[in-house]
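Here are a few exercises to work through with the model open beside you. Try each task before reading its solution.

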Amino acid sequence: ILSVILPLCDNTDYSPINEAVVLEQFMELLLGKHQAFEAATKTYDFRSKEDFLIALVSEMHENNRYYLTYDEFSNFVSTYHTQKGFDIVETKFNQAFFDNGILVRIDHIVRFRFNCMVEYYLAKKASQEPAFLQYITEHQNYIHYANELLYYTGLNRSNTNILQTIQVDLHRYFDWMGPVAEELKNYQIGLDVSLPEDKFLRNIEQSKLTQEQSDQLSDLPSLDTPESPDDISKTEDFNEGYAFIQSFFVFGTCLKNLEFIDRAEKEAAFKDYLFGLSIILAIMKLGVESRYEEEIAEMESAPQKFTQEDFDKLKDITQDLVKIVLPISLQNVALDNVGTVKLRAIYEAAMESSDIHDFSRFFSTFILCDLRVHGSIEIIQRYARRITNKSLLKIVFFKLMYYYQMRYFPSSHDNQLESILADINLKLQGKRSEDKSRVIKKLKSKRLPESNIK
């Protein structure tokens, strides 16, 4: 199980960032915002350049085609300068954006080097034009503009109307899909949990990405390989299931970025977010159980005879293992979507709330602890002591084993983490507290060497 969890949840180097601010700084660098001559009135400065780029993406957006032929680009430049009363000889806008790498010309096509630049300047357009902002948020249009809203809310962090608009749609989905969350009350994991055997530890080591593989996954695109503008479309159709998932994640992005809205709004929004996670987990659970029943039927109708041991082994693999991995993986996705230390008080309020589901408390607890906030181990300790559901306790056990094996927290916390793991193990095995020292000793003996996880 740990060998499955590891590649899915390897967030040891996770650090939340505001993507909008990163891209803003990048564009300021490319456009020379902080160069000394920018202040001269004769200079077509950073703001002038951004106005041109916003006008350019507006032209592309109008046609839902995020490139221009070179002739179209030349005509656009000419029209823009005529409308503004500028002189192309003075602005050099017909060439300047190719020189600084923002635009590229390939054969007769002109486009932005990276699609994120298109999305960023559409977000800038939304900041300047209320009518455009309304357009990309109404009638679930935001599903087509998820990245634009990522950038918009990263730069405009107090627009509560966006959150409320998506929240209305989410509540409609909750009315329709909400009852499925009741499935989590019967989230059963029958797998016998004990400390990992040597083969588990070998699998963990083998599952770890090499440095080269990690670099390949994390490297930014090369400036020599411009992205295809065909990847951007604002008119694709989508079904209701897709719309729910996309609405949910856009909602999470906005919640993370809109840090200047009132605490009460954040708490209400995060409770909705947790309920959405519960619905997604419940749907996944039903899918796993349905697949298991199909496998059983196939085995029963097969010509060869299967023993009860065969059926038990299938259940361990197709149900119990997956049902342990699912909530841990989903929590890891939520960390990336809504994780930020600036929401710590909101997570903690949810953890202490009496009207949320056990899995909602699991999600909020480990989103917070994955951020390595001060007092994480104490938070985990209090949480583990409160759990009475043994199936949920098994999930927590493997989440903490991931922390322990990957040395997620400083070594000064090892003793506390070992104590928590031992307590959970004894609780699951129904053994006495006198066995705790023996369990901790075995736990230490099964730990991966630090050199193996770097």
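**Exercise 1. Decide whether His 413 counts as buried, partly exposed or exposed.**

Solution. Start with the cut-offs: buried is under 20% relative accessible area, exposed is over 50%, and partly exposed is in between, with a 1.4 Å probe and protein chains only. His 413 has 25% relative accessibility, so it counts as partly exposed. Next, place the residue: His 413 sits in the loop between α19 (390-405) and α20 (414-429). Helices here are DSSP runs of H or I with at least four residues, strands are E runs of at least two, and both are numbered from the N terminus. Finally, look across the chain: the C-alpha atoms of His 413 and Ile 377 are separated by 7.3 Å, with their positions 36 residues apart along the chain.

A word on the model: it is predicted, so local features need pLDDT of at least 70 and side-chain atom pairs count only at pLDDT 80 or more, while totals for chains, interfaces and linings use all residues. Residues are numbered from 1 along each chain as its sequence is written, and side-chain values use heavy atoms, leaving out hydrogens and water.

**Exercise 2. Work out the order of the strands in the sheet, and find which strands stand at the edges.**

Solution. Strands pair if DSSP finds at least two bridges between them. Three strands form an open, antiparallel sheet in the order β1-β3-β2. β1 (68-69) and β2 (103-106) are the edge strands, each with a single partner, so one side of each has no neighbour in the sheet. Now check one pairing: β1 and β3 (residues 109-112) are joined by two bridges, and Thr 69 has Ile 109 as its bridge partner in β3. To finish, add the helix: α3 (residues 46-62) lies across β1, β2 and β3, at about 115 degrees to β3. That angle is taken between N-to-C directions on a 0 to 180 degrees scale, using lines fitted to C-alpha atoms, for helices over the stretch in contact (heavy atoms within 4.5 Å).

**Exercise 3. Compare the span of α7 with the expected one, then find what covers its buried residues.**

Solution. The expected span is 1.5 Å times one less than the number of residues. Helix α7 (residues 115-128) has 14 residues and reaches 20 Å from first to last C-alpha, close to the expected 20 Å. Eleven of those 14 residues are buried, so α7 is largely enclosed by the rest of the structure. Among the buried ones are Met 117, Tyr 120 and Leu 122. Their cover includes α2 (19-30), α3, β3, α8 (130-137) and α9 (146-155).
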